[in-house]
Amino acid sequence: MRTHRDPQTLADAPSVLDRMAKILAARGIDQHAVDALPDEPEPYSAEAALSAGLPPRYRDALATNPQVLAWVREIAAQATAPSLGARRQVATGPSLLMAGVVGAGKTHEAYGAVRALVQAGIGVRWRATTAADLYAELRPSSDTDSERVLAAYSRVPLLILDDLGAAKSSEFVEEQTYRLINRRYNHMLPTLITTNLQIRDLKAHLGDRVTSRLAQMTARVEFELVDRRRLQRAA
């Protein structure tokens, strides 16, 4: 009694190839066209995937500020792998508050910091918004679940919050800013915050509760008082 048999290969079974050819022909498929199909493209690298998700203006952003680069190294050092053999992911860590005039390069540095983490081999789940856009999303409306929006920004491992303090001060602005910052403070989630206000002016604009949390959770970076965009236009 035969207990096993050698596996049959396509080369040893021309009848199998013939049947395949007949099936393709019956379906109107050209065998030569199938043979000529190109190989599947290589998957995007992590950096290419990041660039595709960046705003076009910041697609080539690179971080150069020493304090920003030091923050990148600290976040990378605290990254953890969710399972054995998995890529390390941004988990918890300090935040950065970058202050300076419009055009000083704060937003460029923030996006560059995300790129630096990816280049270091760290997995990054992140979101970016301006403070004004965030408040617009959080205002109650029939089209938006504001609590779901706030939860998404509160829980993402890395958040870029751009132009904090640019929106007109109000009770709503102060309350929603506090809710977001407090949640990220409690969960020690890194946040890259930019503002055109001097750091000493944030308290008057956002209130004691917000600035108290920011003082505890962020390292503060003062950018030079030079509008780089004007310099570039002049050059």
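**Exercise 1. Find which residues of helix 5 are buried, and work out what encloses them.**

*Step 1.* Start with the ground rules. This is a predicted model, where local features need pLDDT of at least 70, side-chain atom pairs count only at pLDDT 80 or more, and totals for chains, interfaces and linings use all residues. Residues are numbered from 1 along each chain as its sequence is written, and side-chain values use heavy atoms, with hydrogens and water left out.

*Step 2.* Locate the helix. Helices (H or I, at least four residues) and strands (E, at least two) are DSSP runs numbered from the N terminus. Helix 5 covers residues 106-119, and its 14 residues reach 20 Å from first C-alpha to last. That's close to the 20 Å expected at 1.5 Å a residue, where the expected span is 1.5 Å times one less than the number of residues.

*Step 3.* Pick out the buried residues. Buried means under 20% relative accessible area, exposed over 50%, and partly exposed in between (1.4 Å probe, protein chains only). The list for helix 5 is Lys-106, Thr-107, Glu-109, Ala-110, Tyr-111, Gly-112, Ala-113, Val-114, Arg-115, Ala-116, Leu-117 and Val-118. Twelve of the 14 residues are buried, so helix 5 is largely enclosed by the rest of the structure.

*Step 4.* Look for the packing partners, with contact meaning heavy atoms within 4.5 Å. The buried residues of helix 5 pack against helix 3 (46-53) and helix 4 (66-78), plus strand 1 (95-99), strand 2 (126-130), strand 3 (158-162) and strand 4 (191-195). Just after the helix comes Gly-121, with a positive phi near 85°.

**Exercise 2. Work out the strand order of the open sheet, then follow strand 3 through it.**

*Step 1.* Two strands pair if DSSP finds at least two bridges between them. The five strands of this open sheet line up as 2-3-4-1-5, with parallel pairing.

*Step 2.* Check the edges. Strand 2 and strand 5 (218-222) each have a single partner strand, so one side of each is left without a neighbour in the sheet. From one strand to the next, the twist averages 15°.

*Step 3.* Now trace the bridges. Strand 2 and strand 3 run parallel, joined by five bridges; Thr-129 has Leu-161 as its bridge partner in strand 3, and Thr-130 stands opposite Asp-162. Strand 3 pairs with strand 4 over three bridges, again parallel, and Leu-161 has Ile-193 as its partner in strand 4.

*Step 4.* Sort the side chains. Leu-158, Ile-160 and Asp-162 point one way from strand 3, while Leu-159 and Leu-161 point the other way, and all are buried.

**Exercise 3. Describe how helix 6 meets helix 7, then place Ser-154.**

*Step 1.* The axes of helix 6 (residues 131-138) and helix 7 (residues 146-155) come within 8 Å and cross at roughly 145°. Axes here are lines fitted to C-alpha atoms, for helices over the stretch in contact, and angles run from 0 to 180 degrees between N-to-C directions.

*Step 2.* Leu-134, Glu-137 and Leu-138 of helix 6 meet Ser-146, Val-149, Leu-150 and Tyr-153 of helix 7.

*Step 3.* Ser-154 sits in helix 7 and is buried, at a relative accessible area of 3%. Its side chain reaches the backbone oxygen of Leu-150 at 2.6 Å. Setting aside neighbours within four places in sequence, Ser-154 is in contact with Leu-180, Arg-183, Arg-184 and Leu-189.

Key:
A polar contact is a pair of N or O atoms within 3.5 Å; within protein, one must be able to donate a hydrogen and the other to accept it, and residues adjacent in sequence count only if both atoms are side-chain atoms.
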